[in-house]
Structure formats: structure tokens, C-alpha cells
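Please open the model in your viewer and set it to show side chains as sticks, so that individual charged groups can be picked out. The tour below moves from one selection to the next.

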Amino acid sequence: MIIRLALLILIITSVAFLNMWLSQEIQLNLAPTKAQAHDNIPDYYIKHFTVQGTNPDGSPRFALASELMQHYPYDDHADIVEPRVKFYSREGAPWLVNAQSGRVESGGNSLTLYGHTHIRRKRSEHNLPADLVTSNITYSPAADRVSTRYRVDYTSNLNTITGKGMDANLLDN
């Protein structure tokens with residue numbers, strides 16, 4: 001009788017320990033690993049969107065439109081397809097920018113446009129027309145600057161400039 005009781009206690013204790021061990025193993029296997037947390041899986045997307053930014057006085061500062069934006073939560077960036085950006089200058093015609101794709105970094109601290117990027121401005125009372133072709137430009141809203149380290153072809157009226165790299169303020173004429 002004592003042997004049966006000891007055997008029953010041993011079995012119950014073994015089942016209890018096995019249950020605890022199995023629960024821990026299941027929880028460890030279900031917890032996301034570091035690699036899984038960085039998978040490129042968007043948490044939401046928006047089709048055919050436009051977002052506008054304004055100056056402190058309420059005047060337009062920029063407008064960004066795109067065919068598709070996908071947001072990625074692991075680092076809070078958004079990839080955009082066929083972005084079109086309009087930068088409003090203080091005076092004169094706005095700059096119009098088209099690119100193949102782009103990325104908005106976390107918090108909107110920078111916008112990088114990838115691939116063939118075309119920047120143009122129509123003639124106005126305050127400025128000459130301009131046409132600029134480059135690739136992979138970055139816009140920094142805090143500094144109101146665009147920059148690239150790639151080839152730049154700039155044309156305005158009869159003047160043409162070709163070079164490598166650019167750092168410019170599109171909001172000033």
C-alpha cells in the first residue's frame with residue numbers, strides 16, 4: 001500500500017513538472033524572436049493618398065502624394081510608390097518633384113526619393129523656369145534642404161549645369 005501511494009505521488013509530481021516544462025517551452029516558441037520582429041511585414045497601407053504640411057502661419061509648405069504607402073512598424077518607416085512632392089516657395093512657382101519610389105523615416109524626419117528623380121519649376125514673376133534630373137535625393141524638413149551625392153543635370157533657360165552631388169534649399173528662389 002505504501003509503495004502504491006509513493007508510486008502515485010511520483011506519477012502526479014512527474015506530470016506536474018512535465019506540465020510546467022511543456023508550458024514554458026510553448027511560451028518560448030511562441031514569443032517572437034529578434035529576427036521575426038524585424039520581418040518586412042507592413043502593418044497598414046494607404047492607396048492614392050495626399051498629405052500636406054504647412055508653415056506656422058498656415059501657408060502651404062509641401063504636399064506629398066503617392067499611389068501606395070506601406071507602413072512598417074519595426075522601425076516606423078513608410079515606403080511610398082511613385083511619390084509626387086510639391087515644395088512651395090515663399091515667392092514664385094512651387095517645385096514639383098516626381099520619383100520612382102521613396103521612404104519616409106520615423107517621425108517624418110526625412111524623405112528619401114529613390115530612382116530617377118525629376119524636379120521642375122515653372123517660370124513665374126519671381127523666378128526662371130528650372131529643370132533638374134538626378135537620383136536618390138533626401139529632403140530634410142527641419143532644414144528645408146534637399147541633397148544628393150549622385151549626378152545632377154540642371155537646366156534653366158539657356159544655362160545647363162552637370163555635376164555630382166547637390167545640397168539646395170528649394171523653398172528659396
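Which kind of contact do the side chains of Asp167 and Arg145 meet in? In this predicted model, selecting the two residues shows a salt bridge, with an N to O distance of 3.3 Å. Asp167 belongs to strand β10, which spans residues 159-168, while Arg145 belongs to strand β9, and the pair thereby links distant parts of the chain, 22 residues apart. If you add a surface, Asp167 counts as exposed at 52% relative accessibility, whereas Arg145, at 28%, counts as partly exposed.

Next, select Arg61 and Asp144, whose closest N and O atoms lie 2.8 Å apart in another salt bridge. Colouring by secondary structure helps here: Arg61 sits in strand β2 (residues 60-72) and Asp144 in the loop between β8 (130-140) and β9 (145-156), so this contact ties together parts that are 83 residues apart in sequence. Are these two residues buried or exposed? Both Arg61 and Asp144 are buried, which means that each has under 20% relative accessible area.

Then move to Arg151 and Asp153, which also form a salt bridge, the closest N and O atoms being 3.1 Å apart. Arg151 is exposed, with a relative accessible area of 53%, and Asp153 is partly exposed, with a value of 23%.

To finish, widen the selection to the whole structure, where a search finds five salt bridges, including the one between Arg61 and Asp144.

Methods. Residues numbered from 1 in each chain as written. Predicted model: local features only at pLDDT ≥ 70, side-chain atom pairs only at ≥ 80, totals over all residues. Heavy atoms only, no water. Salt bridge = Lys/Arg side-chain N within 4 Å of Asp/Glu carboxyl O. Helix = DSSP H or I, 4+ residues; strand = E, 2+ residues; numbered from the N terminus. Buried < 20%, exposed > 50% of the residue type's maximum accessible area, 1.4 Å probe, protein only.
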